Amino acid sequence: MFMLYLAVLGTLGAAAMSQTFTNSGEINITTCPITYYGHKYEKVHVAFNNSKFALCFTGTYEAANQNDCILVSGGTADNGNWSVLTQEIPTGSGIHQMLPSLKHRGQCVNVIPLKDTDNSEIQQVELGNFGKQAILAIKTYSGYTNVDLVADIQVNGNRVSKYVFPTNETSMGVIRDMSGCRMRGFVYMTNTTVSDPSICSTVTCDVNGVATAVSECPPMYHCQGNGSCAFNTMCTLTGSTVIDFVGRVHTVPDRCGYNLMTSDAIQDVRIHGVYRERRLKDVSFLDHVILHLSSQDVNIMLLQGSRVKINGELSEVSTTAKVVHGVELSKGQSGVTAQILGSNYTLSVFFDGTTAQIHLMGEDGAVVHGLCGNSSLDFNQQRVAEHSITECEMQHEETDMINSTASTEWCHILWQDPFTQCRMHIDPEPFVSACVDNLSKYPAVDGLKCHLVEAYVRACHTQGNVSIDSWRLIAQCDASPQALCQDMYCSDHEFCGQGFDGETHCQCRAIFASKYKSMDEFGEPMVCSHSSASINMFCCLLAEKGIDYTTLHLHDEQCKGDIDNETHMVKFSFNRDSTCGAIITANTTKISYQNIIATPNISTVVTRSNKMLMDFSCHFDQPNLEGMAIKMIDSPVIKEFTSGEWNYTLTMAAYTDPGRTQLIELSTSVQLNQKIWVEIKAYGLDGSSILLVTESCWATNQSASNGSLRYDLISAGCPNPADGTIKIEGNGEGTSNYFSFNTFKFSDNNNEMFLHCKVELCVQQGDSCSPNCNNAGRRRRSVPTTVDDGGPSIITMAWT
């Protein structure tokens, strides 16, 4: 028998703070945090439940929850208190002698005495902080009348151990080590090395709660969960990076076609990948994947938008799989899959427009060549000339720098929950490396961040048979995944991505567009003959200037452009028989055909399309082409406002991305109809019940809030129902909120726009601070909750 060491040593220290609880409570233990089986916790949830005392770390105890809990039979106890005793317990103490696995000194003790309704002492539970380790100590008093005391130790809702102590032991005090490691939901004891057949690995758990595993499966083999290994490997190609079959990460340097995979084990199939630039000239993306069936001389192309071509002809593919030339083709909302079933191997290729994953399974290993192969990589040897454009190896440089710090740090999300449940099946390190590589040199647009994370999630599901739930919420990705630009067609000089308005469009490839941008042109030169004129312009170049080609017309507004659905070029023309309002003049030296290409006159207060007026005239002796496009350069002014006795500060800022990391500055170029996000914050509020409500926001063409032209964005806390681009988030729910809208300018052709917002403070009573915008935009006003600080605050931001 022995006295409870922690209680004895603890009395030498001092109680830093204390807290009383009945039935249940939440305790902040930041002054004495506990590392429980490898996870550090700074709060505990305590509760009495069916004669049990539950001490949990991730929420109140519920039997079905995946919680980390210690359940102790509580006898008649129904209340308790908590305090912290501070006293160093050096290594070599009596506690260390009783628990040889303890390697760190003790730092503090959480002491939780439990009593019954009559205030009689029942028992005492203690959690000791030993750095990366922790201990549990329990002592019972005369008020505890049960024959035994049961302690149930749980991790993720699963029992790790169960202790049954007779009361003649607990009356003297019992102590147990709560240290260990966790990996893939399993718990390993500190300072042990075990062979775990469920992951085909030897796992070592050190004294710091860190587990490491050495796989017993050879390269390109995967654990079956029963100690056996099977040939099961995957190659992931995402953005410009390749994670090959053995987990190495490579970066494709140019815009050529490459051999991704060939193998003597599957002799009839060659898989090629073609790389092209998108928004930047110096960064290539996987553009499409080709399955070449050698014996049949058939090419099956998997394209962006989940489209499939067979020998150059578009083939209809649906969720119902169909077999074409021995290849099973199917399409889901997230991408298209081609699968080849053989006697010894199964080969599948998935492509979503940004990421391709090649999954190979079989009874025996196979030697694989190509970018995905397990041999030394030589890009020159793997380049495929027939799928490479001219001068694809030429290197280009971009002058724009990518601010990538926040995005690349975000990539490490794969090391966090809920992704940790797959860590022992699929190593996240290559996927983190590929994510960092892509986002360090390319902007986080077109859902790229979510594509990079989804590549790991799909590998976990396909290769490791692990489904990661709720990851989209954690990673802030759309709840309903869909391949970017599903079923959309873009021509060879385009790629499909998100435009300034937040919608998906065919965008110009950077190298293609550069030659036209350098000359400020929208397409090819005008063609003039003795009696006609025509000009071809690229829709993607017009779109980049915020011009909708469908609105353009000649002098005669009935004369519009004709779109070529294959090249996405729009052609404007007129001739002698159909002049489209052209003014024709002649003299002894020349004949002139004078026309224009223009946007219609817009009489409304605002417009979200740039105006265009282009001279479209031909002179027999000298063709002439002049172009004009208006470019808005927007610069935010962030103003602070301090009001009344509440002593708070209001700020308003505008951003170009939904994550609100790219602040609009004087140098930022913002296009018409581009989506921007405006955030309003209140700092320095004294009470958490004081909430910020944006009552109204409006734009004027003058700095005064009552300018001659006005356009309402938000009224009574709700978006203008006539403008579908306006979205409001978090209004009346905290001390900050934000809204987004697509930019515009006023019809007076003034490039200045002033944004005004009226805000107020609201004292929370129920949910009365949140506007109810479901009833014709009217806000619920059941309780007068506004704070009287001298009137609503108006904050103004200007663009010029």
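**Exercise 1. Work out which residues leucine 237 touches, and place it in its core.**

Start with contacts, meaning heavy atoms within 4.5 Å. Leaving out residues up to four places away in sequence, leucine 237 touches Val242, Leu260, Tyr275, Leu286, Thr354, Thr355, Ala356, Ile358 and Cys372. Keep in mind that this is a predicted model, where local features need pLDDT of at least 70, side-chain atom pairs count only at pLDDT 80 or more, and totals for chains, interfaces and linings use all residues. Residues are numbered from 1 along each chain as its sequence is written, and side-chain values use heavy atoms, with hydrogens and water left out.

Next, the core. A nonpolar core is a set of buried Ala, Val, Leu, Ile, Met, Phe, Trp, Tyr and Cys residues joined through side-chain atoms within 4.5 Å; buried means under 20% relative accessible area (1.4 Å probe, protein chains only). The largest one has 43 residues, and Leu237, Ile271, Ile300, Leu302 and Ile358 touch the most other members. Apart from it lies another core of 36 residues, with Ile27, Ile29, Ile34 and Leu55 among them.

**Exercise 2. Find the order of the seven-strand sheet and its edges.**

Strands (E, at least two residues) and helices (H or I, at least four) are DSSP runs numbered from the N terminus, and two strands pair if DSSP finds at least two bridges between them. The order reads 29-28-27-26-25-24-35, in an open, antiparallel sheet. Strand 29 (313–315) and strand 35 (368–369) each have a single partner strand, so one side of each lacks a neighbour in the sheet.

Now zoom in on one pair: nine bridges join strand 25 (residues 266–277) to strand 26 (residues 284–293). Glutamate 277, for instance, has serine 284 in strand 26 as its bridge partner.

**Exercise 3. Check the length of helix 7 and say how covered it is.**

The expected span is 1.5 Å times one less than the number of residues. For the 15 residues of helix 7 (residues 448–462) that should come to 21 Å, and the end C-alpha atoms are 21 Å apart, which agrees. As for cover, twelve of the 15 residues are buried, including Leu448, His451, Glu454 and Arg458.

**Exercise 4. Decide which side of helix 9 is buried.**

In helix 9 (residues 510–518), the buried residues are Ala510, Phe512, Ala513 and Tyr516. They cover an arc of only 150 degrees (taken from the directions from the helix axis to the C-beta atoms), which puts them on the same side of helix 9. Their cover includes strand 25, strand 37 (504–508), strand 39 (532–538) and helix 10 (539–544).

How values were computed
Buried means under 20% relative accessible area, exposed over 50%, partly exposed in between (1.4 Å probe, protein chains only).
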